[in-house]
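These exercises ask for a reading of salt bridges, an interface and backbone angles from a structure. Each task is followed by a solution in steps.

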Amino acid sequence: MAEMWKAAVVDAFFRFSEKVGRLLPNLLAMVSVIVLGLVVAWALRVIISRVLAAAGFDNLCHRWGFDVALARAGLRCRPSFWLARAAYWVIVFFSLIIGVGALELEAVAGLLSTVFAYIPRVLAALIIVAAAYLVANFLGRAVLLAAVNAQVKSARLVSRSVRGFVIVIGSTMALVQLGIGKEVVVAAFSIVLGGAVLALALAFGLAGKDMARDFLQRRFSSPGERDLEEKKDEISHL
Amino acid sequence: MAQAIKLDKEVETNITKIGEAEIVVGIPSYNNVHTIGHVVRAVGAGLAKYFGGRRAVLVNSDGGSADGTREAVLAAEMEDLEAILLARPITDFHKVVTAYHGIPGKGSALRTIFAIAAKLNARACLVVDADLRSITLEWVQLLVAPVLERGYDFVSPLYRRHKYDGTITNSIIYPLVRALYGYRVRQPIGGDFGFSGRLAQHYLSQDVWDSEVARYGIDVWMTTSAVTGGYKVCQAFLGAKIHDPKDPGADLSGMLVQVVCSLFSVVDTTFDLWSSVRGSEAVPTFGFQFEVGVEPVFVNLERMVNGFKLGVKELMPVWSKALDPGTAEALAPIARQGPESFSFPEELWVRVVYDYAAAFHGRVMNREHLIKSMVPLYLGWTASFVREMATASPAEVDERLERLCLVFEAMKPYLIEKWR
């Protein structure tokens, strides 16, 4: 009996040390990968920051209005700083993923493949958001300039509406790309857009019918009739 | 180097038959059936009177007119030359009528004319607008003789205009060309020019035909290219320029974009040349100068002032990217003035133009947007100018513009500093 007890205890310790012996190298590998990842991430952050500064990346972002967008979000440092920071955390994230993968745990393996499969969607969503922001700024400014030069008094409202519309479309597309509540997002967007169009139609149709009549009269009346209302310049500018 | 231009087969055949010509007269056109016949007859009579015996070719470069413009050119006859000239002239005059290819606009039309002039080995070329009503026989002599007989390469027109007309020319183009390049070419966007065959070849070799130069920008580009290329430049007084009334305020922002973008593009690439020029000199002027009566011009001052005020209210975030902070700050007080006392200081206007030139060079934003944002500022300056010159004589207006040009010249170091 005593012998059996002794054998069971030794066996348990032996099995435990075997498991520890198998796990220890993997644990060491995980720690090494994470530490290496941190070092690489730090070095990459420094390199990216310097290269972007030398290449005038911050000026380009200023021209495209990204620095304004970052400032509105409370991120006051230069865009090159944030990009370098983002690169740092991406490397750290991947180091953690790879490090955890080194443990060779079955539960983790499935999670890892899901994460890797999702990364392209995240990248696509980021590109969509950035492109939507650029297009919104460009179109918003084009509309603002056209409206001001045509002396439309609500120029800024029209410009902001166009800008907002493009950003909403871009955000919706990004959310659909990420697969976050896809059906809800599409339905909500359709309802809001349809509702806005209906409201505008009712507003113009009912409240603005006199204005619409005046606009059409001005648009399709003869030049002589038009000139009586607002005499145009006869200057030849060139 | 520009891509070679392809001419229609029929035109190539026609040119080969003609062989060579001393003078090529180009008339770009688009739906000008009511006026082009008169222009063709005036040109033909002018060539017969002043350059009889020299082979001349008239080239009509048309943009796809649907009103019979090309047929009007071919049909224009000079059977009454003896009545006009009181003598039987010797003429060696041919016509080539062709459609042009490329971006719709005068620039593409002129490119075709340059190409034909080059193939015909022309010594002198002349370009006139198709809607001219005030063209005389003397225009042909004044724009061609300096090239053929005095060795000039470029003859710019000099017109007598209403004091309010040509405000883009008077406020931006002329003072800027004068201050930067040192030549007082009074009307660099005249529209009617004389130039040598070798200058035509130079124009043809430039790679600008897909840009704003191909539209409204061709005139200012031709002038600045002649000036910056070291060609011999002069002016010829032509009297009044009367042409078909167009809708004068039509698409001001489009006009401004094309003309100012063309000029700024040349300025952008010639910094080494203009940064070392100091002061300016007059260019030789041919032709007997006389006064002409001009029709009164209505100006809606309130609309211009309102345009400027709307710009100050809505475009400050855009202007802050183009203008110096000091320049932008000085605009708000002006917007508080009413039309009856509205005044835009000339030093401020010069700073605006120079800030925009530097912003164009620095590509602070899309260039078309940049120049479009200048429209309210231009309206503000024009409104101020119109109000101040309401009771001024033409001589007083000329003095005022001369003062503006001197301010442009004096503030040139400001532009050079911003450029660097």
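**Exercise 1. Describe the salt bridge between A:Arg15 and A:Asp11.**

Solution. The model is predicted.
Step 1: A:Arg15 and A:Asp11 form a salt bridge in which the closest N and O atoms are 2.7 Å apart. The cut-off for such a pair is 4 Å.
Step 2: Both residues belong to helix H1 (residues 2-54) of chain A, and because they are four residues apart there, about one helical turn separates them.
Step 3: A:Arg15 has a relative accessibility of 46% and counts as partly exposed. A:Asp11, at 35%, is partly exposed as well.

**Exercise 2. Determine which parts of chain B are tied together by the salt bridge of B:Arg123 and B:Glu22.**

Solution.
Step 1: The closest N and O atoms of B:Arg123 and B:Glu22 are 3.1 Å apart.
Step 2: B:Arg123 is in the loop between helix H5 (106-119) and strand E4 (124-127) of chain B. B:Glu22 is in the loop between helix H1 (9-18) and strand E1 (23-29) of chain B.
Step 3: The pair therefore ties together parts that are 101 residues apart in sequence.
Step 4: The relative accessible area is 44% for B:Arg123, which is partly exposed. B:Glu22 is partly exposed too, at 25%.

**Exercise 3. For the salt bridge of B:Asp355 and B:Lys418, state whether each residue is buried or partly exposed.**

Solution.
Step 1: The side chains of B:Asp355 and B:Lys418 meet at 3.5 Å, N to O.
Step 2: B:Asp355 is in helix H16 (residues 346-362) of chain B and B:Lys418 in helix H20 (residues 412-419) of chain B; the pair links distant parts of the chain, 63 residues apart.
Step 3: Buried means under 20% relative accessible area. B:Asp355 has 0% relative accessibility, so it counts as buried. B:Lys418 has 29% and counts as partly exposed.

**Exercise 4. Place these pairs in the wider set of salt bridges.**

Solution.
Step 1: A search of the whole structure, over all chains, finds 23 salt bridges.
Step 2: In chain B, a network of salt bridges links B:Lys106, B:Asp129, B:Asp192, B:Asp219 and B:Lys241.
Step 3: Across the interface of chain A and chain B the rule finds one salt bridge. It joins B:Glu314 to A:Arg156, with the closest N and O atoms 2.7 Å apart.

**Exercise 5. Characterise the interface between chain A and chain B.**

Solution.
Step 1: The size of an interface is often given as the accessible area lost when the parts come together. For chain A and chain B the buried area is about 3100 Å², and carbon and sulfur atoms give 56% of it.
Step 2: In chain A, the residues that lose the most area to chain B are A:Ile235, A:His237 and A:Leu238, together 26% of what that side buries.
Step 3: Chain A contributes 22 residues to the contact and chain B contributes 46 residues.
Step 4: Five residue pairs are in polar contact between the two chains, counted with both residues at pLDDT 80 or more.
Step 5: On the side of chain A that touches chain B, the elements giving two or more residues are helix H2 (57-64) and helix H5 (106-149) of chain A. The largest share, seven residues, comes from H5(A).
Step 6: By class, the residues of this side of chain A are eight nonpolar, five polar and nine charged.

**Exercise 6. Assess the overall form of chain B.**

Solution.
Step 1: Chain B has 20 helices and 10 strands.
Step 2: Its radius of gyration is 22 Å, close to the 22 Å that the globule rule gives for 420 residues, so chain B is as compact as a globular protein of that length.
Step 3: The C-alpha trace of chain B spans about 65 × 45 × 40 Å along its principal axes.
Step 4: Of the 420 residues of chain B, 59% count as buried.
Step 5: Of the contacts in chain B between residues at least 6 apart in sequence, 84% join residues at least 24 apart.

**Exercise 7. Locate B:Asn31 and B:Arg363 and give the sign of phi for each.**

Solution.
Step 1: B:Asn31 is not a glycine, yet its phi is positive, about 55 degrees. Its place is in the loop between E1 and helix H2 (36-50) of chain B. With a relative accessible area of 34%, B:Asn31 is partly exposed.
Step 2: B:Arg363, also a residue other than glycine, has a positive phi near 50 degrees. B:Arg363 is in the loop between H16 and helix H17 (367-372) of chain B. At 46% relative accessibility, B:Arg363 counts as partly exposed.

Technical notes: Residues are numbered from 1 along each chain as its sequence is written. Chains are lettered from A and ligands numbered from 1 in the order in which they are written. This is a predicted model: local features need pLDDT of at least 70, side-chain atom pairs count only at pLDDT 80 or more; totals for chains, interfaces and linings use all residues. Side-chain values use heavy atoms; hydrogens and water are left out. Contact means heavy atoms within 4.5 Å. Buried area is the accessible area (1.4 Å probe) that two parts lose on being put together, summed over both. A polar contact is a pair of N or O atoms within 3.5 Å; within protein, one must be able to donate a hydrogen and the other to accept it, and residues adjacent in sequence count only if both atoms are side-chain atoms. Ala, Val, Leu, Ile, Met, Phe, Trp, Tyr, Cys and Pro count as nonpolar, Asp, Glu, Lys and Arg as charged, and the others, Gly among them, as polar. The radius of gyration is taken over C-alpha atoms; the globule rule is 2.2 Å times the number of residues to the power 0.38. Buried means under 20% relative accessible area, exposed over 50%, partly exposed in between (1.4 Å probe, protein chains only).
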